[in-house]
Amino acid sequence: MERSQLELLMGIALDEARAAPEHDDVPIGAVVARTETGEVLARRHNEREHRSDPTAHAEVLALRDAAAALGTWRLDDCILVVTLEPCPMCAGAAIAGRINLVVFGAADPKAGALGSLYHLGADPRLNHELRVVHAIRSDECSALLTEFFGARRTPRP
């Protein structure tokens, strides 16, 4: 998939991320698309606060929706595009779903599991490995998070 297509898909993930703060969730968005055509199968944002569910990360929700749309848990012809590097749970979900490519915007030095802290996608001991492309529209992805957390740290009058 060409970089321009990855940037377009990241734009959709960014749109999703912008919806998350409406219910006090961290602005992270995810998209699952077909690798060959770029057809979007699912698009979601974080809903942990909204659902009171620790597993309601954008990636997990999008993977669930994509599997439902395809009628199979095997997403081996799909790409996962997410605004923030996936955590171990989300990287594990992508591996379990047989995603072949994960694209992310901002690296996550505190919880990133596809390059920053760990690289679960390249661990030959697991039953599936996946490719990773990072830093797609990273400035925009990082800015959303900086703005969100900055607003929470600023004292309110």
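In this predicted model, the buried residues of helix α1 pack against β1, β2, β3, β4, β5 (131-133) and α5. The residues of α1 that make up this buried set are L6, L9, M10, G11, A13, L14, E16 and A17. The helix also has the length one would hope for: its 17 residues should span 24 Å at 1.5 Å a residue, and the 25 Å between its end C-alpha atoms agrees with that.

Helix α1 also takes part in the largest nonpolar core, which has 43 residues. Within this core, M10, V32, I79, I99 and V103 have the most contacts. At least two core residues come from each of α1 (3-19), β1 (29-34), β2 (40-45), α3 (58-70), β3 (78-84), α4 (88-96), β4 (101-106) and α5 (138-153). In soluble globular proteins, nonpolar side chains tend to be buried together.

V103 offers a helpful view of how these pieces meet. Once neighbours within four places in sequence are set aside, V103 is in contact with L6, M10, I79, L80, V81, V82, V133 and I136. Among these partners, L6 and M10 belong to the buried residues of α1, and M10 is, like V103, one of the core residues with the most contacts.

Stepping back to the whole chain, the protein has five helices and five strands. Read from the N terminus, the order of elements is α-β-β-α-α-β-α-β-β-α. Of the contacts with a separation of 6 or more, 59% join residues 24 or more positions apart. As for overall dimensions, a compact globule of 157 residues would have a radius of gyration near 15 Å, and the 15 Å found for the protein agrees. Along the principal axes, the C-alpha atoms fill a box of roughly 50 × 35 × 30 Å. Buried residues make up 47% of the 157. The protein exposes about 8,000 Å², with carbon and sulfur atoms supplying 51% of that area.

A last stop is C90, which lies in helix α4. This cysteine counts as buried because its relative accessibility is 1%, below the 20% cut-off. Beyond neighbours within four places in sequence, C90 is in contact with H57, E59 and V60. G112 stands 22 residues from C90 along the chain, and the C-alpha atoms of the two are separated by 9.7 Å.

Conventions. Residues numbered from 1 in each chain as written. Predicted model: local features only at pLDDT ≥ 70, side-chain atom pairs only at ≥ 80, totals over all residues. Heavy atoms only, no water. Core = buried A, V, L, I, M, F, W, Y, C linked by side-chain atoms within 4.5 Å. Buried < 20%, exposed > 50% of the residue type's maximum accessible area, 1.4 Å probe, protein only. Helix = DSSP H or I, 4+ residues; strand = E, 2+ residues; numbered from the N terminus. Contact = heavy atoms within 4.5 Å. Expected span 1.5 Å × (residues − 1). Rg over C-alpha atoms; globule rule 2.2 N^0.38 Å. Areas by Shrake-Rupley, 256 points an atom, 1.4 Å probe, with all protein chains shown as cover.
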